[in-house]
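Work through the exercises below with the sequence and the structure side by side. Try each task before reading the solution that follows.

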Amino acid sequence: MLSKRSWVYIGLVIFMGFFQAAPALGQKKLMDKLIHKFLSNEKDTVKKNTFFPFPVASLSPETGLEYGVAALYSFYLDRLDTITRVSTVNIMLTHTTHNQSKAKIVSDIWSKENKYHYSSELRYWDFPYGFYGIGANTHKVDKEYINEKKIRLTFAADKLIAANYYVGLQTGFEYFKNEGTDPDGIYSSRSYYGKGGGKRIYLGLRQTYDTRDKVTYTGNGLYGSLQANYTPDFFKGEQYKGWNLAFDGRYFRSLNDQVILAFNGVYQGIYGSNVPFYLLSQLGGENSMRGYYQGRFRDNNMAALQAEIKYRFIPRFAIVGFGGAGAVFGEDPLNRSNIKPNYGAGIRYFFDLNKDLTLRIDYGFGEKRPGEKRMSGFYFSMNEAF
């Protein structure tokens, strides 16, 4: 029986062989169409459904070669209505040569005239992550990898009840199973509530104010979302019971046809007598405070402010500069010394000019802690950070 590594090599050979044989198979017209579709500056006159798949790959010591596919399906529930926003379904599947897997399906659906908004997420995760401890002053030397299995299923529905104002309900289920990799490590040798994992079902309310001209590459408008979720005591053992609160505010302003200023403020807080470490708010990631490994700093609360300036120099491409500041903190008030900066730049490729759907490449930098290299991160994703 062939190993997974052998299947990877076979796939690469087939992939290369296809393109070598393409001229003999009469693929020139197809290539011309693809070049026109993804590189021309022309817009279609009809609202079309689009499906855009692309391969993804990365390499790291803890995972080996990670490979897979991502895809974005975009559509309108009403093609004749001029104000209905674009709906999207985002899919990603990856596997590694160390037999680790990630999968997600994320949807964002807008009804006719945007009277209803539905969102959902289905995520499976069997993957290691670095755990450094809890708080704003963790150390790289304490890093221990945790093998985590995670399942997340969420659903939310919002109804427009006044001009630009939505009220909705949301629910979700989360399952975590964690295992340390070093008996003497910071995770394995210490006691943390819910150390082996846990599960929860939560119910919540949300309200949103949204005047954005577009939900993809926004040029002008204001967005504010406030969510409150309650997790009851459904399960036995070291399970979480309590509230969590999340706020996401955004402001966009077009300076001219090519330049956009964007601002974003976020807050996440979790409240309860016993909060498992895996539910603590985390700083960093591909959308907020880029440059910080998500989970390097975690605590009961996280707050961040960030800004972007975007210059779309031609219809298909834009360059972006960003910066911000954020912090995690516990039950005590935020200490200014724990506030951390970030900055970076990126490029956007618009693979759908009608809907302004983008592929995003960013490189961000964080703080330089004593005795450590400056924190940084590379991000490749679909759609904007905020």
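A residue is called buried when its relative accessible area is under 20%, exposed when that area is over 50%, and partly exposed in between. Keep in mind throughout that this is a predicted model.

**Exercise 1. A chain of charged side chains**

Task: Starting from Arg152, find the salt bridges that the side chains of Arg152 and Glu174 take part in, and decide whether Glu174 and Arg200 are buried or exposed.

Solution. Step 1: A salt bridge requires a side-chain nitrogen of Lys or Arg within 4 Å of a carboxyl oxygen of Asp or Glu. The side chains of Arg152 and Glu121 satisfy this with an N to O distance of 3.8 Å. Because Arg152 belongs to strand E6 (residues 144-162) and Glu121 to strand E5 (residues 116-131), this pair ties together parts of the chain that are 31 residues apart in sequence. Glu121 counts as buried, because its relative accessibility is 16%.

Step 2: Arg152 also forms a salt bridge with Glu174, at 2.9 Å from N to O. Here the link runs from strand E6 to strand E7 (residues 165-180), and the two residues are 22 apart. With a relative accessible area of 6%, Glu174 is buried.

Step 3: Glu174 in turn meets the side chain of Arg200 in a salt bridge of 2.8 Å, N to O. Since Arg200 lies in strand E8 (residues 197-210) and Glu174 in strand E7, parts that are 26 residues apart in sequence are tied together by this pair. Arg200 has a relative accessible area of 9% and is therefore buried.

Step 4: To place these pairs in context, the structure holds 25 salt bridges, and elsewhere a network of them links Arg290, Glu308, Lys310, Arg348, Arg360, Asp362 and Glu384.

**Exercise 2. A nonpolar patch on the surface**

Task: Determine which strands each supply at least two residues of the nonpolar patch, and which strand gives the largest share.

Solution. Step 1: List the members, which are Tyr311, Phe313, Ile314, Ile319, Ile347, Ile361, Tyr363, Phe378 and Phe380, together making a nonpolar surface patch of about 770 Å².

Step 2: Assign them to strands, and you will find that E14 (301-314), E17 (357-365) and E18 (376-382) each supply at least two residues. The largest share, three residues, comes from E14.

Step 3: Examine one member more carefully. Phe380 is placed in strand E18, and it counts as partly exposed because its relative accessibility is 37%.

**Exercise 3. Two buried polar residues**

Task: For Arg312 and Ser107, find the residue whose side chain makes a polar contact with each of them.

Solution. Step 1: Arg312 is found in strand E14, and its relative accessibility of 16% is why it counts as buried. Apart from neighbours within four places in sequence, Arg312 is in contact with Tyr217, Gln258, Phe317, Ala318, Phe350, Leu353 and Asp356. From this list, Asp356 is the partner whose side chain makes a polar contact of 3.0 Å with the side chain of Arg312. Arg312 also lies 8.3 Å from Asp257, C-alpha to C-alpha, although the two are 55 residues apart in sequence.

Step 2: Ser107 sits in strand E4 (residues 101-110) and counts as buried, because its relative accessibility is 14%. Leaving out residues up to four places away in sequence, Ser107 touches Thr88, Val89, Tyr118, Ser119 and Ser120. The side chains of Ser107 and Ser120 are joined by a polar contact of 2.5 Å.

Notes. Residues are numbered from 1 along each chain as its sequence is written. This is a predicted model: local features need pLDDT of at least 70, side-chain atom pairs count only at pLDDT 80 or more; totals for chains, interfaces and linings use all residues. Side-chain values use heavy atoms; hydrogens and water are left out. Patches are made of residues with over 30% relative accessible area and no salt bridge: like charges are joined within 9 Å, nonpolar side chains (Val, Leu, Ile, Met, Phe, Trp, Tyr) within 5 Å. Accessible areas come from the Shrake-Rupley method with a 1.4 Å probe; for residues, only the protein chains shown count as cover. Helices (H or I, at least four residues) and strands (E, at least two) are DSSP runs, numbered from the N terminus. Buried means under 20% relative accessible area, exposed over 50%, partly exposed in between (1.4 Å probe, protein chains only). Contact means heavy atoms within 4.5 Å. A polar contact is a pair of N or O atoms within 3.5 Å; within protein, one must be able to donate a hydrogen and the other to accept it, and residues adjacent in sequence count only if both atoms are side-chain atoms.
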